[in-house]
Amino acid sequence: MKVTEHIKNGNGKTQFSFEILPPLKGENIHSIFSNIDPLMEFKPPYINVTYHREEYVFKELKGGLIEKKVVRKRPGTVGICAAIQNRYHVDAVPHILCGGFSKEETENFLIDLQFLGIDNVMALRGDAVKSETYFTPEKNGHKYACHLVSQINAMNKGFYLDDELQNTFPTDFCVGVAGYSEKHMEAPSSESDIHFLKKKIKNGAEYIVTQMFFDNEKFFQFEKKCRAEGITVPIIPGLKPIAVKSHLNLIPHRFKVDLPDALVMEVVKAKDNKAVRQIGIDWCVQQSQELVKAGVPFLHYYSMGKSSNIKEIASRVF
């Protein structure tokens, strides 16, 4: 079932969803199941599965030569999605990226998903690899998420890259895209960010999931701007609880979001990470309850492979 259908079937009630990371290469899929199992009591209609593109490492060889090696640390997104749908009978929503994919590889990826009965995808540009300052698309790949959305939408209409194909079967993917309550880190302004988000919707995206935020007012302002610009698709807030003191520096650096002073001071005064974890849970519960009152269709939690704090939050909200 499509995410948009789940929203419609919710009849205005806020529903629960979350996002998981594929395990590191060499780990067992049961590490994923052990984190999903405790959250199933909250009846998520779908679970997002991130896609992690390749990284480049440089290995020194004998004689002083340097070898550039491609490493994929978290493979398995498609397999995990199939396993989730088979084991839990809920929809899995894989991320699909511009980064690391040519248009041909994107098409083949989508065909695999279609054959597995996966109805939803989250279309993202993806980050630059660690060795790059700025994002660089693959040769014959997409530079922007709006172009990726266009390719998916074309396949939904039965148009494939090879225009000589006969009797092509249209896919039927529901496409989600990312939105940024505090604007994308590379956007020159919030207005330009909304402009390009609107382009993704025009090209076929059917719902938006936001980057994490810690101040609900930022989300409400973002939502208001979207509506003022004629964006009518559902907007799902993405939330993540603070868990350790190092998040005070890591989250703003990695995700370019602000942390409210009240939250920062509570974490600074906490005696240890156990206290920080509880502060993060309490803060996220307050955020969640306010967003539920505002009538958001889903609360989407970034679990980062850990479910215990998400379980405690969900038990107090749903």
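Helices here are DSSP runs of H or I with at least four residues, and they are numbered from the N terminus. The model is a predicted one. By that numbering, Val285 belongs to helix α10, and this residue is a convenient place to start.

Val285 has a relative accessibility of 3%. Buried means under 20% relative accessible area, so Val285 counts as buried. Apart from neighbours within four places in sequence, Val285 is in contact with Ile313, Arg316 and Val317. Val317 is 32 residues away from Val285 along the chain, yet their C-alpha atoms are separated by 6.7 Å. Helix α11 spans residues 308–317, and α10 spans residues 273–293.

Between β10 (298–302) and α11 runs a loop that contains Ser303. Ser303 is buried because its relative accessible area is 7%. A polar atom of the Ser303 side chain lies 2.6 Å from the backbone oxygen of Glu19. Beyond the four places on either side in sequence, the contacts of Ser303 are Glu19, Ile20 and Ile310. Strand β1 covers residues 15–20.

Helix α7 takes up residues 216–228, 13 residues in number. From its first C-alpha to its last, α7 reaches 18 Å, close to the 18 Å expected at 1.5 Å a residue. Which residues of α7 are buried? They are Asn216, Phe219, Phe222 and Cys226. Viewed down the axis of α7, these buried residues fall within an arc of 120 degrees, so they line one face of the helix. The general background is that an α-helix has 3.6 residues a turn, so residues three or four places apart point the same way. On the face of α7 turned away from the buried side are the exposed residues Lys224 and Ala228.

The buried residues of α7 pack against several elements: the strands β7 (174–179), β8 (207–212) and β9 (235–239), and the helices α6 (190–202) and α10. Helix α10 is also where Val285 is found.

Both ends of α7 can be described further. At the N-terminal end, Asp215 acts as a cap, with a side-chain oxygen 3.0 Å from the backbone nitrogen of Glu217. Just after the helix, Gly230 takes a positive phi of about 85 degrees.

Helix α8, residues 247–255, can be read in the same way. Its buried residues are His247, Leu248, Ile251 and Phe255. Seen down the axis of α8, they fall within an arc of 105 degrees, so they line one face of the helix. The face turned away from that buried side carries the exposed residues Asn249 and His253. Among the elements covering the buried residues of α8 are β8 and α9 (261–269). Strand β8 is also one of the elements against which the buried residues of α7 pack. Just after α8, Lys256 takes a positive phi of about 55 degrees.

The end of α8 leads to a cavity. How many cavities of 30 Å³ or more are there? The count comes to one. About 40 Å³ of space lies in the largest cavity. Its lining includes Phe255, Lys256 and Val257, and of these Phe255 is one of the buried residues of α8. Gln211, Met212 and Phe213 also line the cavity, as do Tyr180, Ser181, Glu182 and Lys183.

Lys183 is found in the loop between β7 and α6. At 26% relative accessibility, Lys183 is not under the 20% cut-off for buried and not over the 50% cut-off for exposed, so it counts as partly exposed. Lys183 has a positive phi of about 70 degrees although it is not a glycine. Most residues other than glycine have a negative phi.

Asn11, another residue that is not a glycine, has a positive phi of about 50 degrees. Asn11 sits in the loop between α1 (3–9) and β1. With a relative accessibility of 69%, Asn11 counts as exposed.

The last residue to visit is Lys271, in the loop between α9 and α10. Is Lys271 buried or exposed? At 76% relative accessibility, Lys271 counts as exposed. Lys271 and Val257 are 14 residues apart in sequence, and their C-alpha atoms are 25 Å apart in space. Val257 is one of the residues lining the largest cavity.

How values were computed: Residues numbered from 1 in each chain as written. Predicted model: local features only at pLDDT ≥ 70, side-chain atom pairs only at ≥ 80, totals over all residues. Heavy atoms only, no water. Helix = DSSP H or I, 4+ residues; strand = E, 2+ residues; numbered from the N terminus. Expected span 1.5 Å × (residues − 1). Buried < 20%, exposed > 50% of the residue type's maximum accessible area, 1.4 Å probe, protein only. Arc of directions from axis to C-beta. Contact = heavy atoms within 4.5 Å. Polar contact = N/O pair within 3.5 Å; in protein donor to acceptor, adjacent residues only side chain to side chain. 1 Å grid on protein atoms, 1.4 Å probe; cavity = no way out; pocket = protein on both sides within 12 Å on 5 of 7 lines; lining within 4 Å. Points joined across faces, edges and corners; volume = space filled by probe spheres on them.
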